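Student: I should like a close look at one part of this model. Please take me through the contact between the chains, and a residue that takes part in it.

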Amino acid sequence: MSDAIKLTPPLSDADVESLRIGDRVLITGAIYTGRDAAHKRLTDLIQAGKHLPFEIQGQIIYYVGPSPAKPGRAVGAAGPTTSYRMDAYAPELMRFGLKGMIGKGARNQDVKDAMATFKAVYFAAIGGAGALMAQTIKNAEIIAYEDLGPEAIRRLEVEEFPIIVVNDVRGNDLYEEGVKRYAL
Amino acid sequence: MREIHISQITAAVRDLCIKSNTHLGEDVLQAFAQAIDQEVSPTGKDILEKLVENARIARVEGIPICQDTGFAVVFVEVGQEVRLIGGDLKEAINQGVRQGYEEGYLRKSVCHPFTRKNTGDNTPTVIHLDIVPGDRVQLIVAPKGGGSENMSRVTMLTPAVGIQGVKDFVVQRVKESGANPCPPTIVGVGIGGTFETTALLAKKALLRPLGSENPDPELAALEQELYEEINTLGIGPQGLGGRITSLAVHVNMMESHIASLPVAVNIQCHAARHKEIVL
Ligand code: SF4
């Protein structure tokens, strides 16, 4: 396998355009967590013309609801949740500058179209490898919606957080390509 | 008559909640090792190796294998020669879940269906209770994550479609699930019974250890056929392409009504967690 590409958000259009499906990427820096409930609140804010609780330009949202941290750890287990539940909200966030999404499972056509239009990518993290991925999360801080518990928005400081490009800005889809390649 | 105090049940359920979420079974680890040998996709192989490493970290650090520590599903078999004393059995189980999820740093993932308000302690518990001969109590705790449960289905087929109809339904379900249920999966299949029993048959099929043979030769053959067909789909580990889409297919069957052919597919992700104890 080829070497992994190292990236630190905020990502530029050029960063995103250079990525292709199947690329292995290691993220170092800050990423933001969000699941269905937080996405609903973010898009409600946009519709009301209000500010978001963090500057979204160039950022990456990780679809995760970590398990509680044991004393001395930043988070518990922290693997991705299934992404299709965020499909209804994702295009609006890309329109406001979101550059990356991390989750698991296929996205719908609206999301893929928005990735091409607004220049953004979708990455897969390994679903169910929450203990492994938590090792790369050095710090976690709730920045909004504490009442949502595991679904609150957190800023995670990560070091070489491992992900794979599934959808790039050219409309390619690794889930489709991979299955085509290995189906008998 | 043998007496068992309810507090013993609470303590056992608490421990099983924590252990099942942090210690992946040996049978699953062995299935991973086999899958690593068989997988032809380099990405797929790499993912399977990371799952082994993930299980090791979880065990050593005492943190969950997966952040979705599930809805707590508890199977209880109470011997008919046991008298449970000191309180309400179901409440004792709920109390064990409350303690396990709080003290084990497990995620509470149970909420109101519409308001989505979290109950805050991962209860109520899904309890399947059975009375059996003997003077023992067996408890199995099987936390079930949402991602793979969401991909599960029950259907009532027309009897005319026969075994081929059942196979098509199972394979189609795995195909449509794609990457969502965190492949490699274990596919639990229930056939026959009524609408609700077929689902329970499928769920119970997931409790059978990986690598064990179905005692019914007809079903063992069906399992093998389904396993082979599913692993031609190309979905692979995490749906990124590969040979190993499922680690195993387990089938449970019972008689059905003359008008019906119920089938259930309960998809289990690779975080196949269950632990048991006999009191
Ligand atoms: S499907 Fe299973 S492994 Fe995947 S996130 Fe859910 S509980 Fe974890």
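Tutor: The account below begins with the conventions, then takes up one residue and afterwards the interface. This is a predicted model, in which local features need pLDDT of at least 70 and side-chain atom pairs count only at pLDDT 80 or more, while totals for chains, interfaces and linings use all residues. Residues are numbered from 1 along each chain as its sequence is written, chains are lettered from A and ligands numbered from 1 in the order in which they are written, and side-chain values use heavy atoms, with hydrogens and water left out.

Arg35(A) sits in the loop that joins β2 (24–33) to α2 (36–47) of chain A. Its relative accessibility is 12%, so Arg35(A) counts as buried (under 20% relative accessible area, 1.4 Å probe, protein chains only). Beyond its neighbours within four places in sequence, Arg35(A) has contacts (heavy atoms within 4.5 Å) that include Glu151(A) and, from the other chain, Arg107(B).

The contact between the chains involves 38 residues of chain A and 40 residues of chain B. The rule finds 1 salt bridge across this interface (a side-chain nitrogen of Lys or Arg within 4 Å of a carboxyl oxygen of Asp or Glu). Arg73(A) and Glu61(B) form a salt bridge, with their closest N and O atoms 2.8 Å apart. On the side of chain A that touches chain B, α5 (130–134), β7 (153–167) and α6 (174–182) each give two or more residues. Of these, α6(A) gives the most, with 5 residues. Helices are DSSP runs of H or I with at least four residues, and strands are runs of E with at least two, numbered from the N terminus.

Definitions and conventions
Buried < 20%, exposed > 50% of the residue type's maximum accessible area, 1.4 Å probe, protein only.
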